Amino acid sequence: MKKVLFVCLGNICRSPVAEGVFNHQIRNLKLTGALQSDSAGTAGYHIGEKPHTTSASVAASYGVTLNHRARQFSRTDFADFDIIVCMDRGNYTHVLREAATPEEKAKVFLMRQWESGPEPCDVKNAEEVPDPYYGGVDGFHLVHQILETCNRNLISWLSR
Ligand code: 4NP
């Protein structure tokens, strides 16, 4: 079993969608015996909350149901997950700073390293998943579409 943790700031907009899309895709690919995912936020503002209503309604329009309650990233996640996939450079820096060993550091990625194919690109060249929290519904659609593409490639990489 390989376990993936998706991380953003609040754990109500981007990372719960990353988790929901990942779980939807692995169910369709019959890979639920091999792969698992969860999500967390680097901040504690929204602990216990359901995903943002627009994230949830946009996900539903793509056939994806979100079942998550926000929680905060913790150092114990390094032991519980094989890789930690961050949405933007702020989250990435936060998680890397918490890593205590080279092995823990090696678990940390940016989601858009999987934009172009199953082999992750150099982290220096990866874009961020834009934070849709302060914008309109179009931003939530863009996030959803980015996460569908990247998850398809991430799942191929994890299944190789
Ligand atoms: P997320 O979006 O990191 O994708 O969950 C945000 C959610 C909440 C806040 C910022 C970003 N906030 O400032 O409360």
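Trainee: Is strand β2 (residues 35-41) largely enclosed by the rest of the structure or left open, and how many of its residues are buried?

Mentor: Start by remembering that we're looking at a predicted model. Buried here means under 20% relative accessible area. In β2, 6 of the 7 residues are buried, so the strand is largely enclosed by the rest of the structure.

Trainee: Okay, and how do I read the sheet that β2 belongs to?

Mentor: General idea first: strands of a sheet pair through backbone hydrogen bonds, either parallel or antiparallel. In this model 4 strands form an open sheet, in the order β2-β1-β3-β4, and the pairing is parallel. At the edges sit β2 and β4 (108-110), each of which pairs on one side only. On average, neighbouring strands of this sheet are turned by 25° against each other, direction ignored.

Trainee: Which strand is joined to β2, and by how many bridges?

Mentor: That's strand β1 (residues 2-8): it runs parallel to β2, and 7 bridges join the two. To find one spot on your screen, look for Val-7, which stands opposite Ala-40 in β2.

Trainee: What about β3 and β4, in which sense do they pair?

Mentor: Strand β3 (residues 83-86) pairs with β4 in the parallel sense, over 3 bridges. Try locating Cys-86 there; its bridge partner in β4 is Leu-110.

Trainee: Which helices pack on the sheet, and which strands do they touch?

Mentor: One of them is α1, which touches β1 and β2; its direction makes about 170° with that of β2. Another is α4, which touches β1, β3 and β4, and its direction makes about 175° with that of β4.

Trainee: Can we zoom in on one residue of α4? Where is Asn-91 placed, and is it buried or exposed?

Mentor: Asn-91 lies in helix α4 (residues 89-98). Its relative accessible area is 3%, so Asn-91 is buried.

Trainee: What is Asn-91 in contact with, apart from its neighbours within four places in sequence?

Mentor: Leaving those neighbours aside, Asn-91 contacts Val-7, Cys-8, Leu-9, Thr-42 and Cys-86. Take the pair with Val-7: they are 84 residues apart along the chain, yet their C-alpha atoms are separated by 6.8 Å.

Trainee: Now for helix against helix. At what angle do the axes of α1 and α6 cross?

Mentor: Helix α1 (residues 15-28) and helix α6 (residues 137-158) cross at roughly 50°, and their axes come within 9 Å. That angle is why we call α1 oblique to α6. The crossing is right-handed. On the α1 side, the residues in contact include Val-17, Val-21 and Phe-22, while α6 brings in Leu-147, Asn-151 and Ile-155, among others. Sorted by class, the residues of this contact are 9 nonpolar, 3 polar and 2 charged.

Trainee: Which angle do α2 and α6 make, and how far apart are their axes?

Mentor: Helix α2 (residues 53-61) packs on α6 at an angle of about 55°, with the axes 10 Å apart. So α2 is oblique to α6. Here the crossing is right-handed. The contact is made by Thr-54, Ser-55, Val-58, Ala-59 and Ser-61 of α2, together with Val-137, Phe-140, His-141 and His-144 of α6.

Trainee: How does the contact of α2 with α6 divide by class?

Mentor: It has 4 nonpolar and 5 polar residues, and no charged ones. Set that beside the contact of α1 with α6, where 2 charged residues take part.

Key:
Residues numbered from 1 in each chain as written. Predicted model: local features only at pLDDT ≥ 70, side-chain atom pairs only at ≥ 80, totals over all residues. Heavy atoms only, no water. Axes fitted to C-alpha atoms, helices over the stretch in contact; angles between N-to-C directions. Parallel < 35°, antiparallel > 145°, perpendicular 65-115°, else oblique. Left-handed = near helix turned anticlockwise from the far one by under 90°. Contact = heavy atoms within 4.5 Å. Nonpolar A, V, L, I, M, F, W, Y, C, P; charged D, E, K, R; others polar. Buried < 20%, exposed > 50% of the residue type's maximum accessible area, 1.4 Å probe, protein only. Pairing = 2+ DSSP bridges.
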